[in-house]
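Open the model in your viewer and keep the selection panel handy. We will go from stop to stop, picking a few residues each time and looking at what surrounds them.

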Amino acid sequence: MTFFLPEQLPQWISLLLIVMATLTSAVTAALGVGGGVLLLAMMALVVPPAAIIPLHGMVQLGSNANRALLTWRHIDWKLLAAFAPGVLLGAWLASLFLVQLPMQFLQLTIAGFILFLCWGPKVPPLALGRLGSFLAAGATTFLSMFVGATGPLVAAFVKQQHQGDRFRTVANFAASMSLQHLPKAVIFGSAGFVFADWLGLLVLMIVGGALGTWLGLKLLARQTNRNFSRFFNILLTLLALRLIWQAFS
């Protein structure tokens, strides 16, 4: 197996990343969110900076697509139909601005929206309709090209759409994030990132993520909607507080 691992990393680091992809996919499938940010934090410690966002995006694409496939009966196709055009717009805008945006501002903005969507007043129906979904998709896709940590923001938005149904929350978050990560291959590939150098590691991390998703969905089935919603809000709040801490550290 080590024959397929990238030369840029020690083999034990590559194996650790495969294990982490499995565990973090299980976390997201069981709790609804959090695994992608945990994996990003780990990759930031051991992966060359220029490779972090492209690799993380492809691993998350595989993990979310697999989770969406396993929960396809719970997907809100009307939500996806409104979300997809926004993803294309956000990705196109990001391709025009592949520069380093003010990280502190982005982190505080994302954290603020997450906390508002979790604990603020109920969002008006208009904001959750086709236009709101389109705008949310565009904004979060644009931001994800630079910070790679907009999953909690998308999760908070999806939660507003499907409160009280844990499987619909997990399914639609997975489907939305699959759409959001898909353009990264094109954008970073055209910007010069050589995915072929990392292909073996990517494939093994995606396979590990599929195993983690299967285990996590088994745990999800054992929960109640009430407990899931409570854990979901707490975890999103912790992720938002982490972003605030990062912004001021």
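Start by selecting F193, which is buried at 16% relative accessibility. Keep in mind as you look that this is a predicted model. Add F195 to the selection: this residue is buried too, with a relative accessible area of 17%. Both values fall under the 20% cut-off for buried.

How do the rings of F193 and F195 sit relative to each other, edge-to-face or stacked? Measure between the ring centres and you should get 4.8 Å, with 75 degrees between the planes, so the pair falls in the edge-to-face class, whose planes are over 60 degrees apart. Searching the whole structure gives 2 aromatic pairs.

For the other pair, select F228 and F232. Their ring centres are 5.4 Å apart and the planes meet at 25 degrees, so this pair is stacked. Both residues belong to helix α11, which covers residues 225-248, and they are 4 residues apart, about one turn of the helix. F228 is buried at 3% relative accessibility, and F232 is buried at 1%.

**Along helix α11**

Now show the whole of α11. With 24 residues at 1.5 Å each, the helix should span 34 Å, and its end C-alpha atoms lie 35 Å apart, which agrees. Colour the helix by accessibility and look for its buried residues, which include N233, L235, L236, T237, L239, A240, L243 and A247 besides the two phenylalanines.

**Into the core**

Keep L236 selected and bring in L17, V33, L55, I114, L201 and M205. Within the largest nonpolar core, which has 64 residues, these seven touch the most other members. Centre on L17 and list its contacts, leaving out residues up to four places away in sequence: you should find L9, M42, M43, V46, V47, L201 and M205. Apart from that core lies another one, of 6 residues; A68, L80, A174 and A175 are among them.

**The loop between α3 and α4**

Move on to T71, in the loop that connects α3 (49-70) with α4 (77-96). Is T71 buried or exposed? Its relative accessibility is 3%, so T71 counts as buried. Beyond residues up to four places away in sequence, T71 touches A171 and L217.

Stay with this loop and select D76 together with R168. Their side chains meet in a salt bridge, with 4.0 Å from N to O. R168 is in helix α9 (residues 166-190), while D76 is in the loop between α3 and α4, so the pair ties together parts that are 92 residues apart in sequence. R168 is partly exposed, with a relative accessible area of 25%, whereas D76 is buried at 18%. How many salt bridges does the structure hold? The count is 1.

**Zooming out**

Finally, clear the selection and show the protein as a cartoon. You will see 11 helices and 0 strands, so the pattern along the sequence is α throughout, under the assignment of helices and strands by DSSP runs. Of its 249 residues, 54% count as buried. Switch to a contact map: among contacts with a separation of 6 or more, 82% are between residues 24 or more positions apart. Then turn on the surface, where the accessible area comes to about 11,700 Å² and carbon and sulfur atoms account for 73% of that.

Notes:
Residues numbered from 1 in each chain as written. Predicted model: local features only at pLDDT ≥ 70, side-chain atom pairs only at ≥ 80, totals over all residues. Heavy atoms only, no water. Buried < 20%, exposed > 50% of the residue type's maximum accessible area, 1.4 Å probe, protein only. Contact = heavy atoms within 4.5 Å. Areas by Shrake-Rupley, 256 points an atom, 1.4 Å probe, with all protein chains shown as cover. Phe/Tyr/Trp six-rings, centres within 6.5 Å; stacked < 30°, edge-to-face > 60°. Expected span 1.5 Å × (residues − 1). Core = buried A, V, L, I, M, F, W, Y, C linked by side-chain atoms within 4.5 Å.
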